[in-house]
Protein chains: 2
Amino acid sequence: MPPDLPPAMTPDQPPTVTPAPTPPRRVGTVIRLRPEHERAYRELHAAVWPDVLAQITRSNIRNYTIFLRDGLLFAYFEYTGTDYTADLAAMAADPRTREWWALTDPCQRPVDSAADGEWWAPLEEVFHAD
Amino acid sequence: MPPDLPPAMTPDQPPTVTPAPTPPRRVGTVIRLRPEHERAYRELHAAVWPDVLAQITRSNIRNYTIFLRDGLLFAYFEYTGTDYTADLAAMAADPRTREWWALTDPCQRPVDSAADGEWWAPLEEVFHAD
């Protein structure tokens with residue numbers, strides 16, 4: 001996944017996040033970080049490949065932050081495009097992004113409550129103030 | 001806490017989040033939601049008091065979202081001011097905000113790894129792309 005993107009990063013994993021009425025759509029997700037790979041994960045994310053960052057931008061993802069605490073990674077980003085499924089599919093099809101995920105996926109495992117086949121698990125928005 | 005703000009909401013709970021080099025400072029925090037109070041918490045946040053929202057704005061907090069999953073609340077916001085400690089202290093001193101927290105605090109409890117006296121526990125940022 002993107003600097004590791006949320007669920008729905010492939011066509012067979014449609015977004016489970018409820019669309020916001022107007023852009024940007026805010027997306028929050030969570031996944032576990034395997035303790036034995038924390039160092040590798042940090043090193044990768046201290047210098048994310050420019051090609052991976054460029055694909056994120058092309059896929060209309062902005063203001064993307066990943067946080068860590070207690071072995072959990074929380075991702076927050078804003079989606080500014082108009083076809084989320086297609087933009088995520090484009091990301092999943094990008095060769096360099098796939099190379100990146102081949103390095104980051106082994107660092108992670110889904111939370112226990114994730115749905116079958118789900119990687120980053122969606123959070124539910126319960127409050128927002130601009 | 002704010003629509004429930006992060007740690008450091010009172011002068012005796014100084015921010016433990018590392019300041020970003022330039023504004024806005026992104027802040028991520030986590031706390032538990034007590035299952036028996038989930039409904040009350042959701043109802044409160046579906047209609048946050050205008051006075052509470054106004055204080056958030058006065059305290060230079062923007063783009064504030066709270067997410068929920070698996071009994072954990074994750075807050076994300078951006079701080080656009082220049083004196084975080086003072087702005088949070090002003091929030092903690094606001095009478096209406098204190099009334100609000102008197103309703104929301106009983107819905108929550110700190111995560112096990114929280115420091116003594118810490119309410120919302122800070123997340124560490126490990127990646128960001130604008």
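These are my notebook entries on how chain A and chain B meet in a predicted model.

**Entry: the interface**

I began by asking how many residues of each chain are in contact. I found 38 residues of chain A in contact with 38 residues of chain B. Next I looked up the buried area, since the size of an interface is often given as the accessible area lost when the parts come together. Chain A and chain B bury about 3100 Å² between them, and carbon and sulfur atoms account for 58% of that. I then checked which three residues of chain A supply more of its buried area than any other three. They are A:Phe67, A:Arg69 and A:Phe127, and they supply 25% of the area that chain A buries against chain B.

**Entry: polar contacts and where they sit**

I looked up polar contacts next and got 28 residue pairs between chain A and chain B. Which elements of chain A give two or more residues to the side that touches chain B? I listed strand 1 (25-33), helix 1 (38-46), strand 2 (61-69), strand 3 (72-79), strand 5 (121-122) and strand 6 (124-129). Strand 2 of chain A gives the largest share, eight residues. I also sorted the residues on this side of chain A by kind: 22 are nonpolar, six are polar and 10 are charged.

**Entry: strands across the chains**

I followed strand 6 of chain A over to its partner in chain B. It pairs with strand 2 (residues 61-69) of chain B in the antiparallel sense, over five bridges. Within strand 2 of chain B, I found B:Phe67 standing opposite A:Glu125.

**Entry: salt bridges**

My reminder to self is that side chains of opposite charge can pair when their charged atoms come close. The count over all chains is 16 salt bridges, and two salt bridges lie across the interface of chain A and chain B. I looked at the side chains of A:Arg42 and B:Glu124, which meet in a salt bridge at 2.7 Å, N to O. In chain B, I noted another salt bridge, where the side chains of B:Arg26 and B:Glu125 meet at 2.8 Å, N to O. This pair links distant parts of the chain: B:Arg26 is in strand 1 (residues 25-33) and B:Glu125 in strand 6 (residues 124-129), 99 residues apart.

**Entry: aromatic rings**

Last, I looked up aromatic pairs and found 12 over all chains. Why is the pair of A:Tyr64 and A:Phe77 edge-to-face? Their ring centres are 5.3 Å apart and their planes are at 70°, and planes over 60 degrees apart count as edge-to-face. A:Tyr64 is in strand 2 of chain A and A:Phe77 in strand 3 of chain A, 13 residues apart.

How values were computed: Residues are numbered from 1 along each chain as its sequence is written. Chains are lettered from A and ligands numbered from 1 in the order in which they are written. This is a predicted model: local features need pLDDT of at least 70, side-chain atom pairs count only at pLDDT 80 or more; totals for chains, interfaces and linings use all residues. Side-chain values use heavy atoms; hydrogens and water are left out. Contact means heavy atoms within 4.5 Å. Buried area is the accessible area (1.4 Å probe) that two parts lose on being put together, summed over both. A salt bridge is a side-chain nitrogen of Lys or Arg within 4 Å of a carboxyl oxygen of Asp or Glu. A polar contact is a pair of N or O atoms within 3.5 Å; within protein, one must be able to donate a hydrogen and the other to accept it, and residues adjacent in sequence count only if both atoms are side-chain atoms. Helices (H or I, at least four residues) and strands (E, at least two) are DSSP runs, numbered from the N terminus. Ala, Val, Leu, Ile, Met, Phe, Trp, Tyr, Cys and Pro count as nonpolar, Asp, Glu, Lys and Arg as charged, and the others, Gly among them, as polar. Two strands pair if DSSP finds at least two bridges between them. Rings of Phe, Tyr and Trp (its six-membered ring) pair if their centres lie within 6.5 Å; planes under 30 degrees apart count as stacked, over 60 as edge-to-face and the rest as tilted.
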